[in-house]
Amino acid sequence: MAGIYLHIPFCKQACNYCNFHFSTSLRQKDDMLAALSREMALRQDYLQQQEISTVYWGGGTPSLLSSSELMQLWDKMTRSFNLDAPGEVTLEANPDNLSPAYLKALAGTPVNRLSIGIQSFREEDLRYMNRAHTAQEADYAVKAAQDAGFENISIDLIYGTPTMNDQQWKENIHYALGLGVPHISSYALTVEPRTALAHAIEKGRSVEPDNEQAATQFELLMDALTGAGYDHYEISNFALPGRYAVHNTNYWRGAHYIGLGPSAHSFDGGSRQWNVANNALYLKQVLTDSHVPAEREELSFEDRLNEYLMTSLRTMWGTDLALLAKDFGSDVAADITERSAAYRDKGCMLLQDGHLVLTPAGKLLADRIASELFYDKK
């Protein structure tokens with residue numbers, strides 16, 4: 001099974017923490033739709049007609065597209081890829097776009113899952129992040145989507161903002177649980193280079209996030225959501241049993257996917273490719289030159305192994321030692337098992353049924369642990 005990701009590089013306004021590729025001008029939207037359709041035709045052999053199980057509209061803000069524009073792209077996808085009956089079709093959406101009329105129109109498209117960028121139910125947090133919606137719109141959007149028949153809903157929340165203490169974060173989580181959504185993604189606020197937030201902190205106009213506060217709030221998040229019956233199935237993702245995001249889970253398990261649009265990434269098992277993060281250059285080369293401007297990297301033995309370690313350790317299923325031995329050699333599996341002993345002794349990791357799995361304490365150090373287990377054949 002393979003997946004399709006479409007990057008819609010437009011937003012109403014820029015959130016101060018975001019370093020994704022987007023434009024706040026919709027002037028080139030029609031050209032971008034034409035270019036996305038053209039890229040599908042140019043790259044229709046990339047997945048070698050593997051059956052498509054998931055489609056994910058990301059961005060940017062895909063909910064800036066009308067239902068007819070979504071269908072325009074969908075029709076081209078069905079002609080270019082093996083897209084008979086994908087099980088999960090996700091649209092990322094901002095609360096201020098989800099009017100009853102738009103949701104009604106959306107219900108008539110193949111979209112069957114919404115990922116709503118709530119970030120917070122508190123006005124102060126939203127203003128700090130320069131979000132385009134209000135706390136009232138955040139609440140209304142989820143309920144309106146449920147009323148329109150969308151039951152498969154994920155919401156995003158951000159913790160670790162200087163505007164929110166631990167008690168307020170608990171209240172945010174409690175409010176989210178009260179909405180009854182089956183999936184919650186939650187991320188620590190990070191200061192990315194060349195963002196408005198980084199500039200404001202550098203100039204002393206904003207307070208830098210506190211890493212210790214973020215760690216505490218992550219622990220509060222784990223306790224609250226697992227206590228409410230959600231599986232912590234990936235570091236940043238929680239879902240009711242069986243309600244995991246299929247598209248993203250396939251990423252973490254090494255499935256192949258094609259990314260369409262500027263800055264989108266693709267993976268075919270042996271190489272990774274990423275399109276240029278420049279709207280003007282992407283449009284010119286795709287529409288005028290019939291060429292997709294992208295860079296490609298062939299993945300080495302170490303690249304594939306270390307990527308598997310990084311992604312698998314982030315999940316509740318952990319790193320499969322039998323799979324390591326099968327795909328990378330028994331000596332590799334033995335070496336990683338031996339080097340993981342230090343983390344198991346510290347209570348950061350468990351060896352369960354042939355899998356290395358992070359404990360809650362280990363999840364606070366997931367990236368560090370993975371990087372220290374990285375394998376160097378030399």
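Q: Which residues point one way from E4, and which the other way?
A: This is a predicted model, where local features need pLDDT of at least 70, side-chain atom pairs count only at pLDDT 80 or more, and totals for chains, interfaces and linings use all residues. Residues are numbered from 1 along each chain as its sequence is written, and side-chain values use heavy atoms, without hydrogens and water. Strands (E, at least two residues) and helices (H or I, at least four) are DSSP runs numbered from the N terminus. From E4, one way point Arg113, Ser115, Gly117 and Gln119, and the other way Leu114, Ile116 and Ile118.

Q: How many residues of E4 are buried?
A: Buried means under 20% relative accessible area, exposed means over 50%, and partly exposed lies in between (1.4 Å probe, protein chains only). E4 is largely enclosed by the rest of the structure, because its buried residues number 7 of the 7.

Q: What is the handedness of the β-α-β crossover from E3 to E4?
A: Two strands pair if DSSP finds at least two bridges between them, and strand E3 (residues 88-93) is joined to E4 by 4 bridges in the parallel sense. The chain leaves E3, passes through helix H3 (residues 100-106) and enters E4. A crossover counts as right-handed if, with the strands pointing away from the viewer, the path from the first strand over the helix to the second runs clockwise. This β-α-β crossover is right-handed.

Q: Which residue of E5 is the bridge partner of Leu114?
A: E4 also pairs in the parallel sense with strand E5 (residues 153-159), over 4 bridges. On the E3 side, Leu114 is the bridge partner of Leu91. In E5, its bridge partner is Ile153.

Q: Which strands stand at the edges of the open sheet, each with a single partner strand?
A: The order in this antiparallel sheet of 3 strands is E13-E15-E14. Two strands have one side without a neighbour in the sheet because each has a single partner strand: E13 (319-320) and E14 (349-352).

Q: What is the angle between the planes of Phe121 and Tyr175?
A: Rings of Phe, Tyr and Trp (its six-membered ring) pair if their centres lie within 6.5 Å, with planes under 30 degrees apart called stacked, over 60 edge-to-face and the rest tilted. By this rule there are 12 aromatic pairs. Phe121 and Tyr175 are 4.8 Å apart, centre to centre, and form a tilted pair with an angle of 40 degrees.

Q: Where in the chain is Tyr175?
A: Its partner Phe121 is in the loop between strand E4 (113-119) and helix H4 (123-129), 54 residues away from Tyr175. Phe121 is buried at 12% relative accessibility, whereas Tyr175 is partly exposed at 38%. Tyr175 lies in helix H6 (residues 166-178).

Q: Which ring has the charged end of Arg253 over it?
A: A charge sits over a ring if NZ of Lys or CZ of Arg is within 6 Å of the ring centre and within 35 degrees of the ring normal. The distance for Arg253 is 4.1 Å from the ring centre. One aromatic cluster is made up of Tyr233, Tyr244, Trp252 and Trp317, and the ring under Arg253 is that of Trp317.

Q: What is the phi of Gln48?
A: Most residues other than glycine have a negative phi. Gln48 is in the loop between helix H1 (29-42) and E2, and is exposed at 67% relative accessibility. Although Gln48 is not a glycine, its phi is positive, at about 50 degrees.
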